[in-house]
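Me: I've got a model open and want to talk it through. Can you take my questions one at a time?

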Amino acid sequence: MSDKPSTVEEEYFAREDALKKQKIALEQQQQLAQAHREELKKLHYMHCPNCGMELHALKFKGFDVDKCFNCGGTWLDAGELEKLSEPEHGAVMNSVLNWFKPGK
């Protein structure tokens with residue numbers, strides 16, 4: 001018997017090695033993407049998307065509202081506008097809009 005592996009065995013181990021390296025590369029890519037997201041969050045979290053200045057969190061009738069005192073922008077988190085638009089919060093929505101009008 002020959003000690004030399006067959007072509008089928010060589011292909012199998014080459015395929016296994018390629019899959020292992022592909023898995024490692026994917027894990028590295030995911031780690032880099034996560035690190036990139038964290039870095040972006042450090043740069044942009046609680047900064048106004050309009051002018052880049054710091055946002056200030058304000059409580060208003062049970063809702064958190066992010067306000068930029070530089071450009072006057074008012075920002076809501078995902079889903080908050082829908083909550084404010086519900087019929088039981090109609091008065092809250094009008095109050096929010098009036099509260100942030102210039103000159104108030």
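Me: Before that, how far apart in sequence are the residues joined by contacts here, and what share of the contacts joins residues at least 24 apart?

Reply: First, this is a predicted model, where local features need pLDDT of at least 70, side-chain atom pairs count only at pLDDT 80 or more, and totals for chains, interfaces and linings use all residues. Residues are numbered from 1 along each chain as its sequence is written, and side-chain values use heavy atoms, with hydrogens and water left out. A contact means heavy atoms within 4.5 Å. Take the contacts between residues at least 6 apart in sequence: the share joining residues at least 24 apart is 22%.

Me: What pattern do the helices and strands follow along the sequence?

Reply: Helices (H or I, at least four residues) and strands (E, at least two) are DSSP runs, numbered from the N terminus. The protein has three of each. Read along the sequence, the pattern is α-β-β-β-α-α.

Me: What span does H1 reach from its first C-alpha to its last?

Reply: H1 covers residues 7-44, which is 38 residues. The expected span is 1.5 Å times one less than the number of residues, and for H1 that comes to 56 Å. The model is close to that, at 55 Å.

Me: Which residue after H1 has a positive phi?

Reply: Look in the loop between H1 and strand E1 (56-60). The phi there is about 60 degrees, although the residue is not a glycine. With a relative accessible area of 23%, it is partly exposed (buried is under 20%, exposed over 50%, partly exposed in between, using a 1.4 Å probe and protein chains only). The residue is Met46.

Me: How many disulfides does a search of the whole structure find?

Reply: A disulfide is a covalent bond between the sulfur atoms of two cysteines; here the cut-off is a pair of cysteine sulfur atoms within 2.5 Å. The search of the whole structure comes back with zero.

Me: Why is Cys71 not bonded to Cys48?

Reply: Cys48 is buried at 3% relative accessible area, whereas Cys71 is partly exposed at 33%. Cys48 is the closest cysteine to Cys71 by sulfur, but the two sulfurs are too far apart for a bond, because the distance is 3.7 Å.

Me: Which residues is Trp75 in contact with, beyond its neighbours within four places in sequence?

Reply: Trp75 sits in strand E3 (residues 74-75) and is partly exposed at 30%. One partner, Leu55, is 20 residues away in sequence and 8.7 Å away, C-alpha to C-alpha. The list is Cys48, Pro49, Asn50, Leu55, Val65 and Asp66.
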